[in-house]
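Biologist: Could you take me through the aromatic pairs in this model? I'd like a close look at how the rings sit against each other and where they are.

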Amino acid sequence: MINKIKLSACVLFLGITGFAQEVEFTEYDLDNGLHVILHQDKTVPVVTTGVMYHVGAKDEEAGRSGFAHFFEHLLFEGTENIERGEWFKIVSANGGRNNASTTQDRTYYYETFPSNNLELGLWMESERMLHPIINKIGVDTQNEVVKEEKRSRIDNAPYGKIIYSTGINKYVFDKHPYKNSVIGTMEDLDAAELSEFNDFFDKYYGPNNATLVVAGNIELDKTKDLIEQYFGDIPKGEKVERINITEEPITETIVATEYDSNIQIPVKLFVYRTPSMKEKDAYVLEMISSILTDGKSSRMYKKMVDDEKIALQVIAFSRSQEDYGTYVMGALALGETPLSDLATSMDQEIEKLKSEIISEKEYQKLQNKFENNFVNSNSSIQGIASSLATYNMLYGNTDLINEEIKIYQDITREDIQRVAKEYLNKNQRLELDYLAESAKE
């Protein structure tokens, strides 16, 4: 076993008055390939047990979209030792809470219990990994659950195709499976055979494709013994071949229109394809997003909402992912403002970012904001557990839970200008008019 221990320390963040406790952790591998990360915090009365599987929507086969998200639901159905419908009852009866989530890159499950129920959390997650029950009644039940989720979050939700990128990624990606939505299509799920669900589990849900995190009020030696007891004998799964698809650069403006029957206020969007979350430029783009649209003091808000009064609101988010990301910026039109006016105003702010280095005052404000965000991201045991798993699995560097702030601190004002020039160009983007369904008439 490889055993690495991060010693506790206090680190002074530049630009912040005060200290933030460094996150201690121990990590090692079981013989079956399961990567284990332990974080001990004696000041809290709880323990979070989380398992992240390196499988997301991008790993699905053509014609079978939505499988990874479907399994987020399906693996709560029951196991050989947990009867169908009992999972949430067990968690609630023992003072716990639990949840799961799926992205393009990974699926994550966790339970948080009072610390005296550590063994229960480990047993439940080992049950999920070792022998879940995947049968027709479970598949049919969760099929209906997923359909309702799709209706409530995307089909019938205002701006749902923006929030969940179903109206965006299909234009920005050509070959990479990021072009498909995480929730998939109901046609694909309806057409799938039961054997395909079993095959998907066998391929992706083995211990060698997972990271187990236990964080909270634990005894390290006892926890290691329990982990070996519950996970050590789980057979190693087949080796997972990661996808390796390279997208050609976008060299001409992509122009598209999407309609939404749930809205009345149109939106103008610019969408750029960005590099992997592991690259420095992805961090720089997060800072650019903050400069342009984060809060009422941001450049685009002050210009378009306060001064020009052409936008009801401005929006932007940088969606970082393992292979590629997207950077979305936009504005909701105020009154009868033409979307072309919004586009002109946004472009003016982009060009300003390219032509003028931001002031030292704005730069320091930006650094303080990101340092504060970094401290807050590790303010809960659940947050720490999720961060540890994510940094290990998707970034390949668990140490980032303590060291990522240094990446932001090392970003210069010149970096911000350089990245704006490199990525935020008209011929490298999607220009999307997002309109009410009535606009078709």
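Modeller: Here's a walk through the rings, followed by a few related spots. Keep in mind that this is a predicted model. The count comes to 22 aromatic pairs. Take Phe200 and Tyr204: their ring centres are 4.9 Å apart and the planes meet at 55°, so that pair is tilted. Both residues belong to helix α8, four residues apart, or about one turn of the helix. Phe200 and Tyr204 are both buried, too. Then there's Tyr283 with Tyr408, an edge-to-face pair, with 5.1 Å from centre to centre and 80° between the planes. Tyr283 sits in helix α10 (residues 280–293) and Tyr408 in helix α15 (residues 400–409), so this pair ties together parts that are 125 residues apart in sequence. Again, both Tyr283 and Tyr408 are buried.

Rings also turn up with charges over them. The charged end of Arg128 sits over the ring of Phe76, 4.5 Å from its centre, while Arg429 lies over the face of Phe270, at 3.6 Å from the ring centre.

Back to α8 for a moment, since helix α1 meets it. All eight residues of α1 (67–74) are buried, among them Phe67, Phe70 and Phe71. The buried residues of α1 pack against α8 (194–204), and also against β7 (97–102), β8 (107–114), α4 (136–155) and α7 (186–191).

Methods. Residues numbered from 1 in each chain as written. Predicted model: local features only at pLDDT ≥ 70, side-chain atom pairs only at ≥ 80, totals over all residues. Heavy atoms only, no water. Buried < 20%, exposed > 50% of the residue type's maximum accessible area, 1.4 Å probe, protein only. Helix = DSSP H or I, 4+ residues; strand = E, 2+ residues; numbered from the N terminus. Contact = heavy atoms within 4.5 Å. Phe/Tyr/Trp six-rings, centres within 6.5 Å; stacked < 30°, edge-to-face > 60°. Lys NZ or Arg CZ within 6 Å of the ring centre and 35° of its normal.
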